[in-house]
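Good morning, and thank you for making time for this presentation. I will go through one structure region by region, and I ask that you keep the display in view as I speak.

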Amino acid sequence: MNPWTLLYEGYDPASEGLREALCTLGNGVFATRGATPEGALRTPGTYAAGCYDRLDSVVAGRTVTNEDMVNLPDWLPFTCATPGSDWFAPEREELLDYRQELDMREGVLHRLVRWRDREGRITSLRQRRLVSMADPRLAALATTVTAENWSGPLRVRSALDGTVTNSGVARYRELRGDHLTGQESGEEDDLVWLTARTRASGITVALAARLDGGPRGRRVSQEPAWIADERTIDIAQGVPVTTAKVAALITSRHHAVHDPLTAAWRAVRLAPGFGTLLEAHRAAWKRLWERTGIELDDPELAQIVHLHIFHLLQTLSPHTADLDVGVPARGLHGEAYRGHVFWDEVFVLPWLDLRLPEVALGLLRYRWRRLPEARAAARAAGLEGALFPWQSASDGREQTQTFHLNPASGRWLPDHSHLQRHVGLAIAYNVWHHYLATGELPGFAAELLIEIARCFASLARLEPDSGRYEIHGVMGPDEYHTGAPGLDNNAYTNVMTVWLLMRAREVAEMTPDLGVSAEELTRWEDITRRMRVDFHDGVISQFTGYAELPELDWERYRGVRRLDRAMEADGDDVNHYRASKQADVLMLFYLLTAEELLAILRRLGYPAEPGLIPRTVHYYLERTSHGSTLSAVVHSWVLSRSDRAASWRFFVEALAGDIKDVQDGTTAEGIHLGAMGGTLDLLQRCYAGIEPERDGIRLNPLVPDRLGRIRLPILHRGTWLAVTAKDGHATCRPLA
Ligand code: BGC
């Protein structure tokens, strides 16, 4: 087993969607799904970071507005035809060999196809595809054709397709996906080009492509939204011939561009041939792997870890650092969740902080640039500071849908998930972690944390009955409990608010020019001593009233991950039971050390003995359906010291999330970036125990036996270190 490749043998239309998502190639600016370049059974997808568009659709008698990450014109189409045959399409031909291999070390997707046409001609086709990590405007597809038992003319067709729509997610199909309009195409010297505009956001996208390798007799066929460059290659039996399509994708959001079309032309014209492009691309990946690699002894585990690093870097690369984009929950790999940005960055940024801090900073700046909208949202909700949306996209307004389709019942249902105010806590946590990891707290990041603190401080109201501060009407990370709508005193939100206000007081002291008033500081201090947290049965209650809920009949729903959907289809409501979709209270043990958490509870005047933590972990573990890939990451983490075998099982499940598509077919709609980042952070901060602290870095490893040794480089406050961890030991030395 090669830990650097993902290999698929055979052509299987039914699993193409999964393959396409896992074989996506990208550079942090744009990404293209690993769809076949030809045929009808493909779900092409090319997405540029931050390129969104809003459309109104009428569903279930209501008008809903959705902002989608737009599926951009497809640069990939390429096919060929043996004499007298139709254009090659894998679903139609007699395939003799079919093999697809993703080389993660080099960022190249290889494909080998051999087929026999109706006249008995056997042809083989070897393709190499890249989306350049060296020049983030470029992509290329090199095709080497060998006629095994014939000679003669082979026609090739290379096209640009502007007819694509957002149609990659079945349950969104009632919603409009025709984001592209105004398509135009043309030829210019040896190039073909295509432009389109997004309907509402008015982003212009331009593609240009050239075909290298000397095919003769160029014929261009053209419709406004589609253009193809057709040529003929004379091939002799047994002599391989290579043609390469070199394409550029530019949008009006790119830097250093006059107009996208001219920029795309120039980028393609100035681009070198495939060989040189490949060399530069490989070198860029080599540099990246040197900073980000994690070495494990077991090749199977190493393969999945490489896959997670690979897809994370293809979504968030050094090129992303100066774009204005956030962390899309499903990568640039598919259309699920519409490319929106949730709280998943809390699983991603801590890993970036210790190797690509400039990228993490860029992602925090995405939030900072949306402070005006977050402030407006806070005002509209009667709050202070900045209220970040649960789902964010282009301008930082709330993008959470108000209705969603339950595919299990076919019903459109109200969606209250915008009440997950805790997204702000995740952003603030990331600001603080960035500070610990890098020693730097830029003014904008400090402002972000303070504005979020103001919002949560204003959410907390002193209740005369309990004599404590309470937060009402919110949802925690567990999306099964939406309340009516909203819950009171979600423990995760309340405790993290205390943590945040403690950090905010420190930040206010470090950056006095942020203008935090003495009254604010006093109130924050008071909240950190009098916030309400509920307990029942000797454990922390997920929210006020949780203890009154009946137990779920788990036998009946054994193995069902999405209880919300299954129970609604049965005419029931998971809200009414002690059942969670994912870690909620347990997120506290994920983000805070045991000492930090117990100290907060004691500060609040609650009896907090160490036994509280394992009891609470086991209590919720028995009542969670793991309907989110994030759940396994968190459970693996929180069990790592108390139940190492269970922690390992969850770790293996978290690793399997996308490669084995454990959430029933959802990976085809995009990878789960939070869970991918979470597994890497788990290796780094939990198992290898690398904990950035105020005065340096603490190594507190507890590596599972089955992992053997973990080796990884980290960048701590400007110094590269090589950390090796095994069992309870770790060494750390300057990186040569
Ligand atoms: C999870 C959220 C997550 C979102 C995007 C949902 O299924 O419940 O916690 O933020 O997916 O990944």
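I begin with threonine 438, which has its place in helix α8, residues 423–438. Please bear in mind throughout that this is a predicted model. Is threonine 438 buried or exposed? Its relative accessible area is 13%, and because buried means under 20%, threonine 438 counts as buried. Its side chain has two backbone partners to consider. A polar atom of that side chain lies 2.6 Å from the backbone oxygen of histidine 434. A polar atom of the threonine 438 side chain also lies 3.1 Å from the backbone nitrogen of glutamate 440.

A second threonine takes us to a strand. Threonine 251 belongs to β18, which covers residues 241–251. With a relative accessible area of 3%, threonine 251 is buried. Across space, its C-alpha is 8.8 Å from that of leucine 207, although 44 residues separate the two in sequence.

Why is β18 described as largely enclosed by the rest of the structure? The reason is that ten of its eleven residues are buried. Let us turn to its pairing partners. Strand β11, residues 138–147, pairs with β18 in the antiparallel sense over eight bridges. Within that pairing, leucine 138 stands opposite alanine 248 of β18. Strand β15, residues 204–212, is also joined to β18 by eight bridges, and these two strands run antiparallel. There, leucine 211 has lysine 245 of β18 as its bridge partner. As a general reminder, side chains in a regular strand alternate between the two faces of the sheet.

There is also an open sheet of three strands to point out. Its order is β2-β3-β4, with antiparallel pairing. The edge strands are β2, at 25–26, and β4, at 46–48, and each of them pairs on one side only. Strand β3, residues 30–32, is joined to β4 by three bridges. One residue pair to locate on the display is phenylalanine 30 with its bridge partner in β4, alanine 48.

I now come to the ligand. Which residues are around it? They are Ala329, Tyr337, Phe342, Trp343, Asp344, Trp390, Glu479, Lys581, Gln582, Ser628 and Leu630. By class, this shell has six nonpolar, two polar and three charged residues. Three side chains in the shell deserve individual mention. For glutamate 479, an N or O atom of the side chain is 3.2 Å from an oxygen atom of the ligand. For lysine 581, a polar side-chain atom lies 2.9 Å from a ligand oxygen. For glutamine 582, the corresponding separation from an oxygen atom of the ligand is 2.5 Å. Taken alone, the ligand exposes 310 Å², and the protein buries 94% of that.

Next, the loop between β23, residues 468–471, and α10, residues 491–510, contains tyrosine 480. Tyrosine 480 is buried, at a relative accessible area of 1%. The C-alpha atoms of tyrosine 480 and aspartate 573 are 8.8 Å apart, while the two residues are 93 positions apart in sequence. Proline 485 lies in the loop between β23 and α10 as well. The peptide bond from alanine 484 to proline 485 is cis, with omega near -15°.

Two backbone angles also merit inspection. Arginine 338 has a positive phi of about 55° although it is not a glycine. Arginine 338 lies in the loop between α4, residues 299–315, and α5, residues 349–353, and it is buried at 5% relative accessible area. Aspartate 727 likewise has a positive phi, near 45°, in a residue other than glycine. Its place is the loop between β29, residues 719–726, and β30, residues 729–734. At 32% relative accessibility, aspartate 727 counts as partly exposed.

Finally, the cysteines. How many disulfides does a search of the whole structure find? The result is zero. Why is cysteine 686 without a bonded partner? The closest cysteine sulfur, in cysteine 732, is 18 Å from the sulfur of cysteine 686, which is too far for a bond. A disulfide here requires two cysteine sulfur atoms within 2.5 Å. Cysteine 686 counts as buried, at 5% relative accessibility. Cysteine 455 is buried too, with a relative accessible area of 0%.

That concludes my presentation, and I thank you for your attention.

Notes:
Residues numbered from 1 in each chain as written. Predicted model: local features only at pLDDT ≥ 70, side-chain atom pairs only at ≥ 80, totals over all residues. Heavy atoms only, no water. Near = heavy atom within 4 Å. Polar contact = N/O pair within 3.5 Å; in protein donor to acceptor, adjacent residues only side chain to side chain. Areas by Shrake-Rupley, 256 points an atom, 1.4 Å probe, with all protein chains shown as cover. Nonpolar A, V, L, I, M, F, W, Y, C, P; charged D, E, K, R; others polar. Buried < 20%, exposed > 50% of the residue type's maximum accessible area, 1.4 Å probe, protein only. Pairing = 2+ DSSP bridges. Helix = DSSP H or I, 4+ residues; strand = E, 2+ residues; numbered from the N terminus.
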